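User: I would like to learn how to read a helix and the sheet beside it. Could you take me through it step by step?

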Amino acid sequence: MFEGDDRARFEAIVLPHLDAGFNLARWLLRNRTDAEDVTQDAVMRAFRAFGTYRAGNARAWLLQIVRNTCFTWLRQNRMAAEFMEFDETTMPQESGNPETLAIASSDREQLTRALESLPESFREILVLRELEGCSYKEIAEITSRPIGTVMSALARARLQLRNSLSQPLSKEVRRAL
Amino acid sequence: MPCNQTQNQLHGYLDGELDALGAANFEKHLEACPDCQKVLETEESLRRSLQQASLYGRAPRSLQNKIAEMLPAPRPASVPFFGPWHWFALAATALLAVLFTWQFLPPGNSSRRQPTLAAAVVDAHLRSLQPGHLEDVQSTDQHTVKPWFDGRLDFAPPVRDFANDGFPLLGGRLDVINGQSVAALVYGRRKHIVNVLVWKTSALPGNPGNGELQGYHWVSWKMGDLTMYAVSDVASGDLVQLRDLFAKN
């Protein structure tokens with residue numbers, strides 16, 4: 001009945017976080033066009049669910065919806081063989097030295113490639129922490145995981161990112177295969 | 001090889017998420033452990049690379065437009081092939097709807113509660129993000145921004161550039177919080193904007209603290225006879241870092 005009023009509130013509270021939503025979708029889907037469609041879908045879902053939103057962290061609320069919409073989309077739109085579930089027992093091994101890393105990481109393209117080569121759960125947590133500046137509490141809320149595991153998941157994600165950066169060639173080969 | 005016990009703590013330390021005791025314990029370990037020092041250094045340089053590589057993808061204009069189109073319109077949109085009578089009927093309906101809403105909307109929905117200081121600060125931050133509202137004086141030079149405030153306020157805000165610490169000064173503006181003129185210093189943090197609002201404590205008392213409203217964090221502190229509020233959508237750890245930079249310099 002008061003849809004116009006809802007819209008004004010939604011625009012004031014949720015839409016300021018549209019960039020955050022798009023950025024997360026762009027990294028999860030690795031494609032700007034898909035990210036645009038899925039973010040739009042997620043925002044409309046958020047609007048329909050806005051009645052259930054009470055005061056609180058609107059950014060985390062929107063990001064959680066964007067993330068869930070992305071994962072649903074990914075499940076529907078790619079072959080099962082590509083699907084890489086995050087394995088809590090995965091522990092990447094230390095490799096590479098800081099010198100090669102410094103050279104490699106100065107390259108935006110190389111960083112993009114390295115980030116995109118990570119499993120989704122690693123990519124997601126790095127994007128939320130390093131690009132979005134989310135706290136552990138917010139990351140826990142967005143990804144629906146206990147706050148205690150956020151720190152160890154970040155440790156693993158960063159280690160794997162360092163490994164991909166110091167081995168750009170082998171990663172390339174692995175992706176091409 | 002890095003020590004296994006401290007591997008996770010190292011990341012909590014890097015992210016400013018350890019409590020005071022945990023951070024002190026880790027620092028003690030760090031002093032004695034060259035491996036962890038090296039890992040921490042590498043992680044810090046990797047973080048700088050990630051944040052400086054323009055990896056953040058902002059929502060394109062086309063997406064903003066599509067969303068604006070899909071949300072229910074606040075007013076009836078234009079309809080093609082309408083004769084003058086239709087227009088009149090439409091206008092009358094709209095007028096009735098407005099009167100109806102005005103009459104029957106519960107007061108809690110339409111009239112806003114008196115905002116708290118933190119809410120007023122977050123509002124000021126949101127206003128500043130509207131196009132053209134961020135800065136009155138746009139400069140990364142503190143020696144340009146600082147004199148700009150002279151004569152506009154009855155106090156001198158502490159204008160500092162923290163570009164080397166990841167908080168480049170972008171400019172300043174005048175703002176109004178609960179009827180008081182305040183100085184707003186604008187900083188960048190990665191792709192985000194941080195507003196630091198400054199006023200005389202005697203004019204508008206505020207308590208040191210921190211909190212979160214609608215997804216925005218704020219941290220407040222006192223500096224001499226000034227009260228300062230940092231507000232942004234970055235993590236509160238970042239705002240605490242900015243507060244400490246002001247305290248140190």
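Analyst: Happily! Let's begin with the outward side of a helix. In α9 of chain B, the face turned away from the buried side carries the exposed residues Asp244(B), Ala247(B) and Lys248(B). Keep in mind that this is a predicted model.

User: Which residues of α9(B) are buried?

Analyst: They are Ser236(B), Asp238(B), Leu239(B), Leu242(B) and Arg243(B). Viewed down the axis of α9(B), these buried residues fall within an arc of 155°, so they line one face of the helix.

User: What do the buried residues of α9(B) pack against?

Analyst: Their packing partners are β3, β4, β5, β6 and β7 of chain B. The helix itself, residues 236-248, lies across those strands and runs at about 20° to β6(B).

User: How do I check a helix against its expected span?

Analyst: Count its residues and compare the two ends. α9(B) has 13 residues, which at 1.5 Å a residue should span 18 Å; the end C-alpha atoms are 18 Å apart, so the two agree.

User: Now the sheet. What is the order of its strands?

Analyst: Reading across, the order is β1-β2-β3-β4-β7-β6-β5 in chain B. This is an open sheet of seven strands with antiparallel pairing.

User: Which are the edge strands?

Analyst: Look for strands that pair on one side only: here they are β1 (137-138) and β5 (209-213) of chain B.

User: How are β6(B) and β7(B) joined?

Analyst: Strand β6 (residues 216-223) and strand β7 (residues 226-232) of chain B run antiparallel, with seven bridges between them. To follow the pairing on the structure, find Trp221(B), whose bridge partner in β7(B) is Met228(B). Then find Met223(B), which is partnered with Leu226(B) in β7(B). The two strands form a hairpin with two residues between them, and Gly224(B) in the turn has a positive phi of about 60°.

User: How many bridges pair β4(B) with β7(B)?

Analyst: Seven, again in the antiparallel sense. On this side, Asn195(B) stands opposite Val231(B) of β7(B).

User: Is β7(B) largely enclosed or open?

Analyst: Counting buried residues along a strand helps here. In β7(B), six of the seven residues are buried, so the strand is largely enclosed by the rest of the structure.

Terms used
Residues are numbered from 1 along each chain as its sequence is written. Chains are lettered from A and ligands numbered from 1 in the order in which they are written. This is a predicted model: local features need pLDDT of at least 70, side-chain atom pairs count only at pLDDT 80 or more; totals for chains, interfaces and linings use all residues. Two strands pair if DSSP finds at least two bridges between them. Helices (H or I, at least four residues) and strands (E, at least two) are DSSP runs, numbered from the N terminus. Two residues are in contact if their C-beta atoms, placed from the backbone, lie within 7 Å. Axes are lines fitted to C-alpha atoms, for helices over the stretch in contact, and angles run from 0 to 180 degrees between N-to-C directions. A residue is buried if 20 or more other C-beta atoms lie within 10 Å of its own, exposed if 12 or fewer, and partly exposed in between; C-beta atoms are placed from the backbone. The expected span of a helix is 1.5 Å times one less than its number of residues. The arc is that of the directions from the helix axis to the C-beta atoms.
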